[in-house]
Amino acid sequence: MNIYGVIILVALLFEYALNLIADLLNLQTLSADLPKEFAGVYSPESYMKSQDYTLSRTNFGIVESTFSLVVTLIFWFIGGFNYLDQMVRQLQYGDLITGLIYIALLLLFRSILSLPFSVYSTFVIEEKFGFNKTTPKTFIVDIVKGLLLGVLLGGPLLLGILAFFEYAGSLAWLYCWMTASLFILFVQFIAPTWIMPLFNKFTPLESGELKNAILSYTQSVHFLFRDVFMMDGSKRSSKSNAFFTGFGKNKRIALFDTLIQKHTVAELVAVLAHEIGHYKKKHILQGIVISIVQMGVMFFLMSIFISRKELFDAFFMQNVSIYAGLLFFGLLFTPIEFILSLALNALSRKNEFEADRFSAETTERPETMIEALKKLSADNLSHLTPHPFYVFINYSHPPVLERIRSIRIITR
């Protein structure tokens, strides 16, 4: 095995080991003692249920990640990448179509292997803890819609990237960067009105106390939007959430129907204010810019390594190709991607604190936001005392107790 193979193998094993250590440390934080802050929010039974839920999801995650790593390594070292390449080349469709078929088959293979885990997660674990509302029909339709979207949107983008690297010479990475950046902006623009409604029903809030309270608040912070929507989240899960998406005239805020059912009007306005805070603090724009810059760096590095024969030798390939180079570079990029994910999670946690502060200050009701966070945690059976190392590795949001303490400190 050459240096490229060693780097990729060490990166895969290191990331797996680090996540395993984080999981095991996090399990040690499970406790029967309910934090005093949540007295009256969790019953003793529901708190123990949240501990069991964390245990079940963590153990399941360990099994899934172990299986994924083992399958990847077996496929790699038995020469699976080369075998599939030789098989696809026999079709003699040309480099671009051959590349699409090669990558599509690998993605299909991965999807088939992950399907039993998805089924077990949805219909066993989530069902056991009372969350699952997904029917087998909805589950299957979601998969079909996801595949069709992948073909209709991802297919042309992948074809363009392959064509640029095949024929555009030294500036291929720049053309790929520009194309992928435009693609991200395009998807952000059409997602609220074209993509998301394929999976959920978005109903504008009816006139009444909640809508009036929302309109009064948005006017006070000078936030212009088309409408606030109720999303039928209960179609798949009893968990509650809210989110902001889109930009320009297409920006929208969606509140899960489960969230509306379980929270007071004041709490819903506080949650909405948090989402508006992300927009006002330019967190959404920040995320788009970071994604675009990250892609530029990735495509530039890809242009350097994508055709290195040593990279292909590490995977026992007989032929050098752009399409296989994309996949192998993705594995070579694993250490950088992991480090970036840690930095982005840290930035995301910082942004969540800022959005909490915006909500508390603009509604002038910090305790209302705190009550909303408590209810969300209880409804979703959140782990209230995760290990700091687990948070560092995995959390894009701060633990709820840290968010509560932060709100109280900044609003004194």
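**Helix packing, aromatic pairs and two odd loop residues**

At 66% relative accessibility, histidine 222 counts as exposed. Keep in mind that this is a predicted model. So where does histidine 222 sit? You'll find histidine 222 in the loop between helix 7 (209-220) and strand 2 (228-231). What caught my eye is its backbone: histidine 222 isn't a glycine, yet its phi is positive, about 55°.

There's another one like that. Glutamate 364, also not a glycine, has a positive phi of about 60°. Glutamate 364 is in the loop between helix 13 (334-363) and helix 14 (366-379), and with a relative accessible area of 66% it is exposed.

OK, on to helix packing. Look at helix 3, residues 80-89, against helix 4, residues 95-128: they pack at an angle of about 135°, and the axes are 10 Å apart. Helix 3 and helix 4 are therefore oblique to each other, and helix 3 passes helix 4 in a right-handed crossing. Which residues make the contact? From helix 3 you have Phe81, Leu84, Asp85, Val88 and Arg89, and from helix 4 Thr98, Ile101, Tyr102, Leu105 and Leu106. Sort that contact by class and you get seven nonpolar, one polar and two charged residues.

Now the aromatics. I get a count of 26 aromatic pairs. Let me pull out phenylalanine 67 and phenylalanine 117, a tilted pair with 5.2 Å centre to centre and 45° between the planes. Phenylalanine 67 is in helix 2 (residues 44-77) and phenylalanine 117 is in helix 4, so this pair ties together parts that are 50 residues apart in sequence. Buried or exposed, what about each ring's residue? Phenylalanine 117 is buried, at a relative accessible area of 15%, whereas phenylalanine 67 is partly exposed at 34%.

Then take tryptophan 173 and tryptophan 177. The ring centres are 6.1 Å apart and the planes are at 15°, so that pair is stacked; the cut-off for stacked is under 30 degrees. Both tryptophan 173 and tryptophan 177 are in helix 6 (residues 172-195), four residues apart, which is about one turn of the helix. Tryptophan 177 has 26% relative accessibility and counts as partly exposed.

Last item, a cluster. Phe75, Trp76, Phe77, Phe81, Phe109, Phe312, Phe315, Phe316 and Phe328 form one aromatic cluster. Notice Phe81 in there: that's one of the helix 3 residues in the contact with helix 4.

That's it from me.

Conventions:
Residues numbered from 1 in each chain as written. Predicted model: local features only at pLDDT ≥ 70, side-chain atom pairs only at ≥ 80, totals over all residues. Heavy atoms only, no water. Axes fitted to C-alpha atoms, helices over the stretch in contact; angles between N-to-C directions. Parallel < 35°, antiparallel > 145°, perpendicular 65-115°, else oblique. Left-handed = near helix turned anticlockwise from the far one by under 90°. Contact = heavy atoms within 4.5 Å. Nonpolar A, V, L, I, M, F, W, Y, C, P; charged D, E, K, R; others polar. Phe/Tyr/Trp six-rings, centres within 6.5 Å; stacked < 30°, edge-to-face > 60°. Buried < 20%, exposed > 50% of the residue type's maximum accessible area, 1.4 Å probe, protein only.
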